[in-house]
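Open your viewer and keep the selection box handy. We'll go from stop to stop, and at each one you pick something and look at what is there.

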Amino acid sequence: MQLLWHRFNKLQLWLFGGIALVLPLIQVVQSLNHRLLTQNTFFDSPYTKWMGIDSFHFSATAFYLIIPLLAALPTASLIRKDLDNGFFNQLQVKLGERKVFLSYFWWAGILGFLIVAFPLIINLFTYFMILPNIHPDHLLNSNIMVINQNTLLVNLYYQRPLIHATFAILFAGFWGALFAWFTLGWSLLLPNRFVAMTMGFLLQLGLLQLQGISNNGIGFAPYYFLTETNQLDTSALLTTSITIIMLVVTSLLVLGGRRYRVTA
Amino acid sequence: MLLHNISAQEFYRLRARWKLLLIIGIFTLLCGLSDLSGIISDSSDLNFLYQNTANSYLVYERYLPLSIIATSIVTEYHLNDSFFSQHRSTLYWQTVVQNLMIIIGIWLIWVLTTGCILFGKAQLIATKPTILIDLGLAAIFILFVQVTFSAGTLLFYFLIHRKLIAVLIALFSNVLLFEQAVRTKNVLLYAFAQPTDVTTRLLQLINLIGLILLIRLVTYHLVQWREF
């Protein structure tokens, strides 16, 4: 793992982190206004304004739309590049195929997780520097409509909002890792690296379009259920099922890709 | 002659990637069908029909991202061709032709799908047939919006040489423009969302074409100067 860390272009990683931060910072700027900063009429807190809960600004919702592209940015298709230029084979001679492949796999996952979770954490903590840390109340903050139809573990949200937000960030980060592995799998199977990098995003768009056609009230696209509170109705069973299906599909893609491109 | 040769060559190259085109076609078809529930609702209001057909939210959230991604996937310049033709501009024309072909393909599928759905509302449309002109102009406007975004993506691609970052810049711009359009209703690229008279729409179209030409001109000169 450490050997591979030296292979990364650190400046590029910072640049990608900066790109991922664009929308979360825009969302903060957009949601701040004079009334909020001086009077706070609606008893707003970081938990009612951060981008996981904000469905009023498109910069917030768009971040969840482009998660697959962000997750693919850092290292998801690096393995393919290194297979093509021979660096992978050189490492394989020294360390063994399994160890090298796992290094690429774990780094793709870790950086996919971080590039999604890090901007969300920055966004939440920026609000902590601006707004008071008060617990949301289901009557005072009824304007944000956090109810059990559109939010999982809604009791936890009103009792321990920070833990709820942390769960939301971890879940979004986990999906970031899933999308990164999804890209890694496709990058081994497809000849075109760019197509592989956009496959996660195409999946997201496809699910969104199916959602539009089906007119289903429960959101089954990651775009909907990765936010802390859903724009549509939510279902724990459906969210878990989609996550498990994605986990299985990603595992098959990665294993298939490894067999097709690495061990063959 | 050069442009004619490039067009023919790119057409055959694109045709060879038929599996990819098929996937993009299916996605566009699904995008067109997403309009279904809005258009076939019981409402007899023509304004409602217009806004559900030229649905700016659908265009922002699904149609434009699909168009941006699809054009970026097919964008591929071939340095060898510019050596053969002894023109640097070959690289520029190649990418422009690729983009236009895929954009027109996507647009045609979307327009035909939406058109078929609109047949279900023939009786309502018969009460004011001029709405078809409004919808037709809105559809042409959306085509030019697609071209604007693809021109912008191409500009950033030639500028930074990283396709995914160029795509992300285009997607971020789309978000910010839509947000602005929703708040002020005064953004040229999302002007199609509101019905307006034919003269105003044509003027908006001319402005949009001017913007596209400007971006294309900058890209052309960038290709002439850039190291490859």
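How far apart are the end C-alpha atoms of residues 202-223 of chain B, and how much of the span is helix? Select that stretch: its end C-alpha atoms lie 31 Å apart, and the span is 100% helix and 0% strand. Before you click on, keep in mind that this is a predicted model.

**Stop 1: the annotated spans**

Stay with chain B. An unreviewed UniProt entry labels residues 20-40, 60-79, 100-120, 132-157, 164-182 and 202-223 of chain B as "transmembrane region". Try residues 132-157 of chain B next: here the end C-alpha atoms are 37 Å apart, with 100% helix and 0% strand.

Now hop over to chain A. For this chain, UniProt (again an unreviewed entry) gives "transmembrane region" for residues 55-79, 100-130, 162-182, 194-214 and 234-255. Pick residues 100-130 of chain A, and you have a span that is 94% helix and 0% strand, with end C-alpha atoms 45 Å apart. Residues 194-214 of chain A are 100% helix and 0% strand, and their end C-alpha atoms lie 30 Å apart.

**Stop 2: the nonpolar core**

Which residues have the most contacts inside the largest nonpolar core? Select Ile67(A), Ala172(A) and Ala180(A); the core they sit in has 133 residues. Helix α9 (residues 131-160) of chain B gives the most to this core, with 16 residues.

Zoom in on Ala172(A). Leaving out residues up to four places away in sequence, Ala172(A) touches Ile67(A), Val116(A), Ala117(A), Leu120(A) and Leu226(A).

**Stop 3: where the chains meet**

Color the two chains differently and look at the contact between them. It takes 24 residues from chain A and 22 residues from chain B. On the chain A side, the elements that give two or more residues are α2 (10-31), α5 (58-65) and α12 (193-214). Of these, α12(A) gives the most, with 13 residues. What kinds of residue make up this side of chain A? There are 17 nonpolar, 7 polar and no charged residues.

Now select α5(A) by itself. Is it mostly covered or mostly open? Mostly covered: 8 of its 8 residues are buried. Click through Phe58(A), Ser59(A), Ala60(A), Thr61(A), Ala62(A), Phe63(A), Tyr64(A) and Leu65(A) to see them. To find what does the covering, show α2, α6 (67-72), α12 and α13 (222-225) of chain A, and add α10 (163-184) of chain B; these are included in the cover.

**Stop 4: two helices crossing**

Two packed helices are described by the angle between their axes and the distance between the axes. For an example, select helix α7 (residues 89-118) of chain B together with α9(B): they pack at an angle of about 150°, with axes 10 Å apart. The crossing of this pair is right-handed.

Show side chains to see who takes part. From α7(B) come Thr95(B), Asn99(B), Ile103(B), Trp107(B) and Val111(B), while α9(B) brings Ala139(B), Leu143(B), Gln146(B), Val147(B), Ser150(B) and Leu154(B). Sorted by class, the residues of this contact are 7 nonpolar, 4 polar and no charged.

**Stop 5: two odd backbone angles**

Go back to chain A and find the loop between α9 (97-128) and α10 (154-159), where Met145(A) sits. Its phi is near 55°, a positive value in a residue other than glycine. Why does Met145(A) count as exposed? Because it has 12 C-beta neighbours inside 10 Å, and 12 or fewer is the cut-off for exposed.

Leu153(A) lies in the loop between α9 and α10 of chain A too. Leu153(A) is not a glycine either, and its phi is positive, about 50°. With 15 C-beta neighbours inside 10 Å, Leu153(A) counts as partly exposed.

**Stop 6: two last picks in chain B**

Select Thr127(B), in helix α8 (residues 122-127) of chain B. Thr127(B) counts as exposed because it has 9 C-beta neighbours inside 10 Å. Add Leu46(B): the two are 81 residues apart along the chain, yet their C-alpha atoms are separated by 9.2 Å.

Finish on Leu14(B), in helix α1 (residues 2-16) of chain B. Setting aside neighbours within four places in sequence, Leu14(B) is in contact with Leu21(B), Val74(B), Gln98(B) and Met101(B).

Definitions and conventions. Residues numbered from 1 in each chain as written. Chains lettered and ligands numbered in written order. Predicted model: local features only at pLDDT ≥ 70, side-chain atom pairs only at ≥ 80, totals over all residues. UniProt positions renumbered as here; feature names shortened; annotations may be inferred. Helix = DSSP H or I, 4+ residues; strand = E, 2+ residues; numbered from the N terminus. Core = buried A, V, L, I, M, F, W, Y, C linked by C-beta atoms within 7 Å. Buried ≥ 20, exposed ≤ 12 C-beta atoms within 10 Å, placed from the backbone. Contact = placed C-beta atoms within 7 Å. Nonpolar A, V, L, I, M, F, W, Y, C, P; charged D, E, K, R; others polar. Axes fitted to C-alpha atoms, helices over the stretch in contact; angles between N-to-C directions. Left-handed = near helix turned anticlockwise from the far one by under 90°.
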